[in-house]
Amino acid sequence: RNVIYRLALMARDEVIDRSAVLDIIGSEPSAQAGALPDGDRIGAALRDWLREASPNPGTVHAQAIAAYEKPLIEAALGETGGNQLRAAKWLGINRNTLRKRISELGIEPESFSRPS
């Protein structure tokens with residue numbers, strides 16, 4: 001609805017053509033409302049996971065967090081050489097929260113330490 005109003009307000013001509021629509025919504029409209037953006041690896045991975053896991057409605061968020069939280073924390077530890085304080089800062093979470101999640105997820109931070 002907002003797009004239609006905006007098109008009506010911004011239209012320079014009496015007819016709203018394809019170029020006017022693309023000026024408002026961008027050059028690559030999604031195939032369906034709420035579709036994830038194409039072109040990014042995380043979005044692609046999420047689309048693949050949604051297709052393969054087929055989580056039940058009402059459980060999507062919890063299942064996605066469960067599927068992606070451990071690899072995300074492992075990536076942070078890898079990025080920081082296993083340093084939990086820096087990994088927490090990198091993730092933007094509290095160090096104690098990170099330590100709790102590391103323990104609950106069975107991650108071994110020392111395995112990410114860089115050799116001296």
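## A first look at a helical protein

Asp13 sits in the loop that runs between helix 1 (2-10) and helix 2 (18-25). That loop is a friendly place to start a tour of this structure, which is a predicted model.

**The overall plan**

Before returning to Asp13, here is the general layout. The protein has six helices and zero strands. Followed along the sequence, its pattern reads α-α-α-α-α-α. The chain has 116 residues, and 18% of them count as buried.

**A negative patch on the surface**

Back to the opening loop. Is Asp13 buried or exposed? Asp13 has a relative accessible area of 57%, and because the cut-off for exposed is over 50%, Asp13 counts as exposed. Asp13 also has company: together with Glu14, Asp17 and Asp23, this residue forms a patch of negative charge on the surface.

**From helix 3 into the next loop**

Further along the chain, helix 3 holds Leu50. With a relative accessibility of 33%, Leu50 is partly exposed, since that value falls between the limits of 20% for buried and 50% for exposed. The C-alpha atom of Leu50 lies 8.4 Å from the C-alpha atom of Val60, and the two residues are 10 apart along the chain.

The stretch from helix 3 (41-53) to helix 4 (60-79) is a loop, and Ser54 is found there. What is notable about the phi of Ser54? The angle is near 40°, which is positive although the residue is not a glycine. In general, most residues other than glycine have a negative phi.

**The two ends of helix 6**

Helix 6 spans residues 95-105, and Asn94 caps its N-terminal end. In this cap, a side-chain oxygen of Asn94 is 2.6 Å from the backbone nitrogen of Asn96. Just after the helix comes Gly106, with a positive phi of about 70°.

**Salt bridges around helix 6**

The count for the protein comes to four salt bridges. Among them are the three in this table, with the distance given between N and O atoms.

| Pair | Distance | Place of the pair |
|---|---|---|
| Arg101 and Glu69 | 2.6 Å | Arg101 in helix 6, Glu69 in helix 4 |
| Lys100 and Glu104 | 3.8 Å | both in helix 6 |
| Glu104 and Arg101 | 2.0 Å | both in helix 6 |

Which parts of the chain does the salt bridge of Arg101 and Glu69 link? The pair joins distant parts, with Arg101 in helix 6 and Glu69 in helix 4, 32 residues apart.

The other two pairs stay within one helix. Lys100 and Glu104 are separated by about one helical turn because they are four residues apart in helix 6. Glu104 and Arg101 are three residues apart in helix 6, again about one turn of the helix.

How accessible are these side chains' residues? Lys100 is exposed, with a relative accessibility of 52%. Glu104 is partly exposed at 45%, and Arg101 is also partly exposed, at 22%.

Which residues are linked in a network of salt bridges? Glu69, Lys100, Arg101 and Glu104 make up this network. Within it, Glu104 pairs with Lys100 and with Arg101, while Arg101 also meets Glu69 of helix 4.

Technical notes
Residues numbered from 1 in each chain as written. Predicted model: local features only at pLDDT ≥ 70, side-chain atom pairs only at ≥ 80, totals over all residues. Heavy atoms only, no water. Patch = residues over 30% accessible without salt bridge, like charges linked within 9 Å, V, L, I, M, F, W, Y side chains within 5 Å. Areas by Shrake-Rupley, 256 points an atom, 1.4 Å probe, with all protein chains shown as cover. Salt bridge = Lys/Arg side-chain N within 4 Å of Asp/Glu carboxyl O. Lys, Arg positive; Asp, Glu negative; His and termini not counted. Charge placed at Lys NZ, Arg CZ, Asp CG, Glu CD. Buried < 20%, exposed > 50% of the residue type's maximum accessible area, 1.4 Å probe, protein only. Polar contact = N/O pair within 3.5 Å; in protein donor to acceptor, adjacent residues only side chain to side chain.
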